[in-house]
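Colleague: I'd love a close look at one single part of this model, a strand and what surrounds it. Could you walk me through it, and then tell me how it sits in the rest of the protein?

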Amino acid sequence: MDEIQKQKRETEKKVGLGMCEVCCGSQHPRVMVPNFLSPEECKELEFIHKSSSTVGYRPNVFSTTLSHLIATNSSHFLIPFIPIRGTLFLYHLSLHRNFQPQSNFFAERLKDKLEEFFNCQYELFVEFTALIRLLLYLACWLLLLLQSLPYCIYESSNSWSRGASIGWHSDDNRPYLKQRHFAVVCYLNNYGKDFNGGLFRFQDGLPMSIMPMAGDVLMYTADQRNIHSVDEITDGERLTLTLWFTRDGSHDEDVKLVSLLSQHLLHKDMAASYLPLPASCDMYCFSQDQASNDQFGFNICWARLHILGYGISISEDGACDSDVSELLVKPVQLVRGDELLDHEFVNILHALQVIHFYFWQGSALKTKALNVHTNVLKLSDKDKEKINCLKSVLLNDEDLVLKVFGSMPLEENGAICFDWTGIVAAIAAWEDYVTKLSKQIHLGLPYWRMHESIYTVQLDE
């Protein structure tokens, strides 16, 4: 026990933590790091996920991946991930006097210093990412805390809604998962406030259960030493980012992402590169029996708008007779109650991103909203009939929507008070936000292609 406590203190000293619950024994190696992500980082990642996610790999689970963001013309959302990786790595590697972070060869120098620091001749690679890139810095921590050498990262970001759970398992419990050696779970929202249920439990060892709080990070080995489960979500939506580390350097995620970015961006100007384009309709179709079709469930883009109190209108005649895949790419207008905002969005995904941007940045938009002109129209009976027809196509089971996503947020619990001027201000602010990110993507891509690695490119003004 004394040796474990000594190892814990040395670890905390190295990573600069004031509080770090560590189980350093070889039987159940794991570590819980509180407040690793800031509240603002968690909120930005929540915005990206809720406005971009698709139906996930398990019942009542929804996922966002970087490759999906690229495929849906939302590659600019990769940018918020990169500084997090870079900043955290700089924090750790600033111990080295010769480290020069401003170099354009940022990724290569990080790898060189990491190899030098840990006296290993291998390189770190990134295999697969969803939502945020803690990536290499977390690898450093695993090296420090678990005294091992993970060289490659696999990542998956998910939200778990009411009814989602998973029984006892290890993260390498399938032949095709044996490359996983370590797992990292990053919590993006709070148990008891944003959701109930969903406690993470270990079968053996300490800590045995985790009460998720936004910003906390849990790390553990992916093998039989850390068999675990997640209790059923009973209310709300539990947001996590899970990373898996492996020693197989043949799955370098950056090479794949750079290739995808090149295919999608090389022949597009910035104006055409940030307006989202929905994926195939089945990726947004949720039903209780996920083997069934959209006639027995709902479209999650519409559902996420509906749960916040909004609907959509499609102005062209005959929209209700269109295929769902066609409806997803048609221009839409926002509806609330018996009012329609006289502004056309390019498609439902565009509207969804603006609404979630409003809920993320609403308080910061109050000043801008004072100088905004809005044009709000009263819905006619014919308009209402068309909207209800669309609703019957895209939102077949309203009770299931409420069961999965919960009820509309209450204002006293922190939701933004509704105001059409705020929505109009959010339209312009969202465009400024994504335009800035798109510019950074276009500036960075030539360097990323040159080195087959995604990193922060610092250009002289």
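Modeller: Happy to. Let's take strand β18, residues 333-336. Gln 333 and Val 335 point one way from β18, whereas Leu 334 and Arg 336 point the other way. In a regular strand the side chains alternate between the two faces of the sheet. Whichever way they point, all of these β18 residues are buried. Please keep in mind that this is a predicted model, and I'll come back to confidence below.

Now for the neighbours of β18. On one side there is strand β17, residues 311-313, which pairs with β18 in the antiparallel sense over three bridges. Ser 313 stands opposite Gln 333 of β18, and Gly 311 stands opposite Val 335. The other partner is strand β19, residues 339-341, joined to β18 by two bridges and also antiparallel. Here Val 335 has Leu 340 of β19 standing opposite. Strands of a sheet pair through backbone hydrogen bonds, either parallel or antiparallel.

The link between β18 and β19 deserves a glance too. The two strands form a hairpin with two residues between them. In that turn, Gly 337 has a positive phi of about 60°.

Stepping back a little, β18 belongs to an open sheet of four strands, in the order β17-β18-β19-β20 and with antiparallel pairing. The edges are β17 and β20 (376-378), each of which pairs on one side only. From one strand to the next, the twist averages 35°. Helix α15, residues 420-451, lies across β18, β19 and β20. Relative to β19, helix α15 runs at about 20°.

Elsewhere in the sequence, two helices are worth adding to the picture. Helix α9 (residues 300-307) and helix α11 (residues 348-361) have axes that come within 10 Å and cross at roughly 35°. The crossing of α9 past α11 is left-handed. From α9, the residues involved are Cys 301, Trp 302, Arg 304 and Leu 305. In α11 they meet Ile 348, Leu 349, Ala 351, Leu 352, Ile 355 and His 356.

A link across the sequence can be seen at Val 55, which is found in strand β3 (residues 54-55). Val 55 has a relative accessible area of 18%, and it counts as buried because that value is under 20%. Its C-alpha lies 9.5 Å from that of Asn 299, although Val 55 and Asn 299 are 244 residues apart in sequence.

There is another open sheet of four strands to set beside the one with β18: its order is β7-β13-β10-β11, again with antiparallel pairing. Its edge strands are β7 (166-169) and β11 (209-210), each pairing on one side only. Two bridges join strand β10, residues 200-202, to β11 in an antiparallel arrangement. Phe 200 has Ile 210 of β11 as its bridge partner.

Strand β14 (residues 233-246) offers another view of burial, with 12 of its 14 residues buried. Strand β8, residues 180-187, pairs with β14 in the antiparallel sense over seven bridges, and Val 185 stands opposite Thr 242 of β14. Strand β9, residues 195-197, is joined to β14 by three bridges and is antiparallel to it. In that pairing, Phe 195 stands opposite Gly 236.

As for the whole protein, there are 15 helices and 20 strands. Of the 461 residues, 55% are buried. Among contacts with a separation of 6 or more, residues 24 or more positions apart account for 79%. The accessible surface comes to about 20,400 Å², and 51% of it belongs to carbon and sulfur atoms.

Finally, the confidence I promised. The average pLDDT is 76, and 71% of the residues score at least 70. Among the elements, strand β13 (residues 228-230) has the highest mean pLDDT, 97, and helix α5 (residues 106-118) the lowest, 37. Over residues 86-152 the pLDDT stays under 50, though the model has 191 contacts beyond four places in sequence for this stretch. Residues 408-415 also have a pLDDT below 50, with 11 contacts in the model beyond near neighbours in sequence. Where pLDDT is low, the predicted coordinates should not be read in detail.

Definitions and conventions: Residues numbered from 1 in each chain as written. Predicted model: local features only at pLDDT ≥ 70, side-chain atom pairs only at ≥ 80, totals over all residues. Heavy atoms only, no water. Buried < 20%, exposed > 50% of the residue type's maximum accessible area, 1.4 Å probe, protein only. Contact = heavy atoms within 4.5 Å. Areas by Shrake-Rupley, 256 points an atom, 1.4 Å probe, with all protein chains shown as cover. Pairing = 2+ DSSP bridges. Axes fitted to C-alpha atoms, helices over the stretch in contact; angles between N-to-C directions. pLDDT = per-residue confidence, 0-100. Left-handed = near helix turned anticlockwise from the far one by under 90°.
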